[in-house]
Amino acid sequence: MVKLRKYNGFFTHFFSVFLFFLLLSCGNNLYQNTKIEGKEIGVTDEYGENKSVDAFVAPYRDHINKDMDVVLAYAPETMDKSKGEWQTTIGNLMAEMTMEMGNPVFTKRTGRNIDICLLNHGGIRAVLPKGNVTTRNAFEIMPFENSLIVVELKGAQIREMAEYILKEKKPHPLTGLKIIADKNTSKIKALLVNGKPVEENKIYFVGTSDYLSNGGDRMNFFKKGIQSYDMEYKLRNLMIDYFKKTDTIPVITTERIVFE
């Protein structure tokens with residue numbers, strides 16, 4: 001029995017040393033995945049409904065639905081991002097509400113004001129239907145967790161922004177900046193911020209989303225910003241707060257882009 005214990009101790013020590021050198025040698029090898037396989041599993045009624053799970057989830061679902069269906073405001077007409085060539089009523093609303101709700105936060109933190117707001121057309125994911133406006137509408141329109149970012153840009157980048165908008169030919173939500181372009185060539189004739197011509201070296205504060213501030217949707221002019229300020233304010237929450245304080249949602253048709 002004594003000898004067996006000795007042998008066991010020897011083999012344990014030998015195996016530990018062997019495993020150490022094996023792992024050490026493996027550490028020098030580079031392993032690379034050569035094949036990935038996947039299988040699509042459809043969400044169907046094949047297995048039926050699990051009543052016990054549904055009963056467990058029901059109270060939470062009912063509570064969420066109750067919160068989501070609270071009426072916050074009223075929309076006098078349906079606002080759809082597909083209705084408009086250079087601007088849409090829902091796009092105008094998105095830009096205006098972002099400016100209105102975001103500016104007090106920015107001013108309190110910095111003592112400055114937001115000059116321009118630019119969001120992206122693709123970020124609007126649903127229409128705002130005519131009738132009662134609920135929290136659910138805000139989640140449908142803005143399902144992402146994007147936050148409000150304010151970026152310091154020089155006038156040169158504001159011009160790049162205007163050129164981008166004219167080239168893209170999409171009704172991106174915009175306010176604070178008026179673009180006057182030639183109707184034949186689409187070249188910029190004038191750029192106005194707060195009614196004044198844009199100055200190339202002047203600093204302007206532009207409100208946008210964290211996604212766009214990092215160059216999303218090829219808005220690379222934002223990456224040239226001097227400084228960025230995170231308002232830590234979700235665009236969706238901003239929208240809900242706006243709905244709560246607004247009885248009837250305005251239908252905004254003011255032109256941001258004019259051809260002459």
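Start with the whole protein chain: seven helices and 11 strands. Helices (H or I, at least four residues) and strands (E, at least two) are DSSP runs, numbered from the N terminus.

This is a predicted model, in which local features need pLDDT of at least 70, side-chain atom pairs count only at pLDDT 80 or more, and totals for chains, interfaces and linings use all residues. Residues are numbered from 1 along each chain as its sequence is written, and side-chain values use heavy atoms, with hydrogens and water left out.

Stay with the full view. Of the 260 residues, 39% count as buried (under 20% relative accessible area, 1.4 Å probe, protein chains only). Now turn on contacts (heavy atoms within 4.5 Å). Among those between residues at least 6 apart in sequence, 79% join residues at least 24 apart.

Next, select residues 89-110. This is helix H3, with 22 residues. Its end C-alpha atoms are 31 Å apart, which agrees with the 32 Å expected at 1.5 Å a residue (1.5 Å times one less than the number of residues). Zoom in on Gly102: a kink of about 35° lies there, shortly before Pro104. The bend is the angle between axes fitted to the seven residues ending at a residue and the seven starting there. Step past the helix to Gly111, whose phi is positive, near 80°.

Finally, select Asn146, in the loop between helix H4 (135-141) and strand S4 (147-154). Asn146 counts as buried because its relative accessibility is 17%. Show Asp210 too. The two side chains make a polar contact at 2.9 Å (N or O atoms within 3.5 Å, one able to donate a hydrogen and the other to accept it; residues adjacent in sequence count only if both atoms are side-chain atoms). Leaving aside neighbours within four places in sequence, Asn146 also contacts residues including Ser209, Tyr211 and Tyr233.

Terms used
Buried < 20%, exposed > 50% of the residue type's maximum accessible area, 1.4 Å probe, protein only.
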